[in-house]
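Student: Before I accept any label placed on a protein model, I would like to see how each one is earned. Could we go through some of them together?

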Amino acid sequence: MTTLITPYDVIVYAYSDNELQTPSSILRSDIAEAESRYILPILGESLTARLYAGNYATLLEEYVAPALAAWTRYTVEHVAHRRCMACHDDATSSADNERQLSTLRALRKKARTLLRRLSNHLNAHGDDYSEYNPYNNPLNRCFIDGDIIQIL
């Protein structure tokens with residue numbers, strides 16, 4: 001399975017050095033899911049294909065990879081507990097649940113911010129990326145602020 005970034009890239013971009021996470025805990029399918037859900041709608045198929053072909057390395061490294069890694073981490077955090085059920089007992093406290101929800105909210109906010117950063121860069125430098133079509137970018141039509149959807 002080919003993805004724009006590797007599991008190692010997810011670790012580098014989305015985790016700090018003191019978090020005990022290894023590339024083997026990130027599945028390629030996690031990256032592919034995040035890419036399909038969150039990155040492809042912004043970039044469009046043509047620009048995504050150019051990134052796969054090795055073009056626009058700076059765009060990939062500075063904007064796409066951080067956003068994709070953040071969304072991948074968010075995706076992984078949803079299933080991390082279930083993947084490691086042998087490590088946990090079934091009885092989790094409400095404090096544990098609230099801490100997990102708080103973590104997920106923070107990760108989602110970070111991922112949204114990085115996705116908006118990518119979108120803003122593409123909109124500001126659209127002439128540099130001939131394959132980019134700002135009219136197809138859903139963030140140019142819809143904002144989600146505080147769980148309130150605003151359609152422009």
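The exchange below takes up several labels in turn and sets each against its rule.

Student: What should I know about the model and its chain before we begin?

Tutor: The model is a predicted one. Its protein chain has four helices and two strands, and from the N terminus on these elements run α-α-α-α-β-β. Of the 152 residues, 34% count as buried.

Student: Why is Glu77 called buried?

Tutor: Glu77, whose place is in helix α3 (residues 57-83), has a relative accessibility of 18%. Buried means under 20%, so Glu77 at 18% counts as buried. Leaving aside its neighbours within four places in sequence, Glu77 is in contact with Tyr15, Gln100, Leu104 and Leu107. Glu77 is also linked with Glu19 and Arg73 in a network of salt bridges.

Student: What makes the link between Glu131 and Arg50 a salt bridge?

Tutor: The rule asks for a side-chain nitrogen of Lys or Arg within 4 Å of a carboxyl oxygen of Asp or Glu. The side chains of Glu131 and Arg50 meet at 2.3 Å, N to O, so the pair satisfies that rule. Because Glu131 lies in the loop between α4 and β1 (142-145) and Arg50 in helix α2, the pair ties together parts that are 81 residues apart in sequence.

Student: Which of the words buried, partly exposed or exposed fits Glu131, and which fits Arg50?

Tutor: Glu131 has a relative accessible area of 17%, so Glu131 is buried. Arg50 comes to 30% and therefore counts as partly exposed, since that term covers values between the limits of 20% and 50%.

Student: How do you know that Glu33 and Arg37 form a salt bridge?

Tutor: Their closest N and O atoms are 3.3 Å apart, and the cut-off is 4 Å, so the pair qualifies. Both residues lie in helix α2, four residues apart, about one turn of the helix. Glu33, with 29% relative accessible area, is partly exposed, whereas Arg37, at 52%, counts as exposed because exposed means over 50%.

Student: How many salt bridges does the rule give, and where does the pair Glu98 and Arg105 stand?

Tutor: The count comes to five salt bridges. Glu98 and Arg105 form a salt bridge, with their closest N and O atoms 3.0 Å apart. Glu98, at 42% relative accessibility, counts as partly exposed, and so does Arg105, at 40%.

Student: What makes you say that helix α2 is bent?

Tutor: A straight helix of 25 residues would span 36 Å at 1.5 Å a residue, but helix α2 (residues 28-52) spans only 15 Å between its end C-alpha atoms. The bend comes to about 105° and is placed at Gly44. Just after α2, Gly54 takes a positive phi of about 100°.

Student: Why is Asn123 called partly exposed?

Tutor: Asn123, which is found in helix α4 (residues 94-124), has 33% relative accessibility and therefore counts as partly exposed. Leaving aside its neighbours within four places in sequence, Asn123 is in contact with Tyr132, Pro134, Asn137 and Asn140.

Student: What makes Tyr13 eligible for a surface patch?

Tutor: A patch residue needs over 30% relative accessible area, and Tyr13, which is partly exposed, has 31%. Tyr13 lies in helix α1 (residues 7-14), and with Tyr8 and Val12 it forms a nonpolar patch with about 310 Å² of accessible area together.

Note on methods
Residues are numbered from 1 along each chain as its sequence is written. This is a predicted model: local features need pLDDT of at least 70, side-chain atom pairs count only at pLDDT 80 or more; totals for chains, interfaces and linings use all residues. Side-chain values use heavy atoms; hydrogens and water are left out. Buried means under 20% relative accessible area, exposed over 50%, partly exposed in between (1.4 Å probe, protein chains only). Contact means heavy atoms within 4.5 Å. Patches are made of residues with over 30% relative accessible area and no salt bridge: like charges are joined within 9 Å, nonpolar side chains (Val, Leu, Ile, Met, Phe, Trp, Tyr) within 5 Å. Accessible areas come from the Shrake-Rupley method with a 1.4 Å probe; for residues, only the protein chains shown count as cover. The expected span of a helix is 1.5 Å times one less than its number of residues. The bend at a residue is the angle between axes fitted to the seven residues ending there and the seven starting there.
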